[in-house]
Amino acid sequence: MQNSRTFPLTRKEREDRIVWASVRATLEAFRFKYKRSGKKSKSHWTLFERLLVLFKIFLKVAGLYNRGIANAKNIQITELQVTIKDLPDTFEGFRILHLSDLHIDAIPGFEDIVIEKTAPLKYDLCVMTGDYRKNTVGSYKNIIPAMQKLLSAINAPYGIVATLGNHDTYHMVDDAEQMGVRMLINETVVVEKKGNKISITGTDDTFYYYSDDAIYALEKQTEGTKIALSHTSELHDIAAENGYHLYLCGHTHAGQICLPGGIPLIAHQKDGKKFIRGFWRENGMTGYTSSGVGVSGIPMRFNTTGEIVLITLTKE
Ligand SMILES: [Fe+2]
């Protein structure tokens, strides 16, 4: 089985990561949201969580609390076929397990549910697009045992690659890599199969921690079929302009708390409706926004379902 050591960091990547970590540490310390538009605003997540306490009380009074938790635990497996023009023959049928927004500590024992759901699945590569913990600040050490348990159960012959989300911290990178995950911090790895190649580029989170390096990463020349991983859909235009074939993201939880018909109350994104969940197309590129495996804020879902996504690549 391949692991993070299969995609060793180059010397340049090591040097770049030192600079990146110092910049991101500063951004995390100030608790601002840095956006691609240049806007900088205070993160109100903690206040949002306080308001959710009132919502929790309402749900308890309305008798909906336990149903919401049961909904969040009822994760579905979404099997998709993605057609890619010029996919090399050796990657025909290549399967990618996409896990987004695990928020593994939001529900006690959640890792066991994910392990049980993924156990029967067969896949070649696992990709994760951020948000591993419930909170956005503070220590993340509480999630290490659950993540360790889950990652040991992931059997991906071509390895596990991942990006950070807005709930994550730069501190996690080393721990994740020690657990066998190759983190992609505005970096690219090449998966090779019988001489053919797929390039996978992962960006840093751009919802709270945008920097131009995320764009530069997508603009770099890469080999073969090109897959972009990012926590949000915010870089869809850049990826499409640069010839990416597939863009995988999450972040929205498909609204998590929705009105009947799946209409989100809040989707935490301003890219447009089409990016809230599921497949979308952009200038010839296929994108998929996962509904997320887990939940944040409150450990519940209404009128939407968490998903583990299994993608099979096929040639056009
Ligand atoms: Fe999330």
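1. Let's start at a hairpin-like spot worth finding on screen: Glu-282 has Met-285 in β15 as its bridge partner. The strands involved, β14 and β15, pair in the antiparallel sense, with 5 bridges between them. Keep in mind while you look around that this is a predicted model.

2. Between those two strands sits a loop, and Asn-283 is in it. Its phi is near 50 degrees, which is a positive value in a residue other than glycine. Is Asn-283 buried or exposed? Asn-283 is exposed, because its relative accessible area is 64%, and the cut-off for that label is over 50%.

3. Now zoom out to the sheet that holds β14 and β15. It is an open sheet of 6 strands in the order β8-β9-β10-β11-β15-β14, and the pairing is mixed. β8 (187-193) and β14 (278-282) are the edge strands, each pairing on one side only. From one strand to the next, the twist averages 20 degrees.

4. Next, have a look at β11, which covers residues 246-249. Which of its residues are buried? On one side Leu-246 and Leu-248 are buried, and on the other Tyr-247 and Cys-249 are buried too, so both faces of the strand are covered. The general background is simple: side chains in a regular strand alternate between the two faces of the sheet.

5. β11 has a parallel partner in β15 (residues 285-289), with 4 bridges joining them. Another parallel partner is β10 (residues 225-229), joined to β11 by 3 bridges. Tyr-247 is a handy landmark here: Gly-287 is its bridge partner in β15, and Ala-228 stands opposite Tyr-247 as well. To get from β10 to β11, the chain passes through helix α8 (residues 236-241), and this β-α-β crossover is right-handed.

6. On the way from β10 to α8 there is a loop, and Ser-233 is found there. Ser-233 counts as buried because its relative accessibility is 5%. What does Ser-233 touch, leaving aside its neighbours within four places in sequence? Its contacts are Tyr-247, Cys-249, Gln-269, Asp-271, Phe-275 and Trp-280. Two of these names should ring a bell, as Tyr-247 and Cys-249 are the buried residues on one side of β11.

7. The other sheet to find is also open, with 6 strands in the order β3-β16-β4-β5-β6-β7 and mixed pairing. Its edge strands are β3 (76-84) and β7 (181-183), each of which pairs on one side only. Here the twist averages 25 degrees from one strand to the next. For a sample of the pairing, try β5 (residues 125-129) and β6 (residues 160-163): they run parallel and are joined by 4 bridges. Within that pair, Thr-129 stands opposite Thr-163 in β6.

8. Then there's the metal. Which residues coordinate the iron ion? The donors are Asp-101 (OD), His-103 (NE2), Asp-131 (OD) and His-253 (NE2), at 2.1 to 2.3 Å. If you want to pick them out along the sequence, their spacing is D-x1-H-x27-D-x121-H. Asp-101 belongs to the loop between β4 (95-99) and α4 (110-118), and His-253 to the loop between β11 and β12 (258-259), so this pair ties together parts that are 152 residues apart in sequence. The site has 4 donor atoms with angles of 90 to 172 degrees among them, and it is irregular.

9. A few words on the surroundings of those iron donors. Asp-101 and His-253 are both buried. His-103 sits in the loop between β4 and α4, and it counts as buried because its relative accessibility is 1%. Like Asn-283, whose phi is positive, His-103 is a non-glycine residue with a positive phi, in this case near 40 degrees.

10. Finally, a stop at Leu-64, in the loop between α2 (45-61) and α3 (65-73). Why does Leu-64 count as partly exposed? The reason is its relative accessibility of 24%, given that buried means under 20% and exposed over 50%. Not counting residues up to four places away in sequence, Leu-64 touches Leu-59 and Phe-302. From Leu-64 to Glu-49 is 15 residues in sequence and 19 Å in space, C-alpha to C-alpha.

Note on methods:
Residues numbered from 1 in each chain as written. Predicted model: local features only at pLDDT ≥ 70, side-chain atom pairs only at ≥ 80, totals over all residues. Heavy atoms only, no water. Buried < 20%, exposed > 50% of the residue type's maximum accessible area, 1.4 Å probe, protein only. Pairing = 2+ DSSP bridges. Right-handed = clockwise from strand over helix to strand, strands pointing away. Axes fitted to C-alpha atoms, helices over the stretch in contact; angles between N-to-C directions. Donors = N, O, S within 2.8 Å, 3.2 Å for Na, K, Ca; no water. Tetrahedral: all angles 85-135°; square planar, octahedral: opposite > 155°, others 65-115°. Contact = heavy atoms within 4.5 Å.
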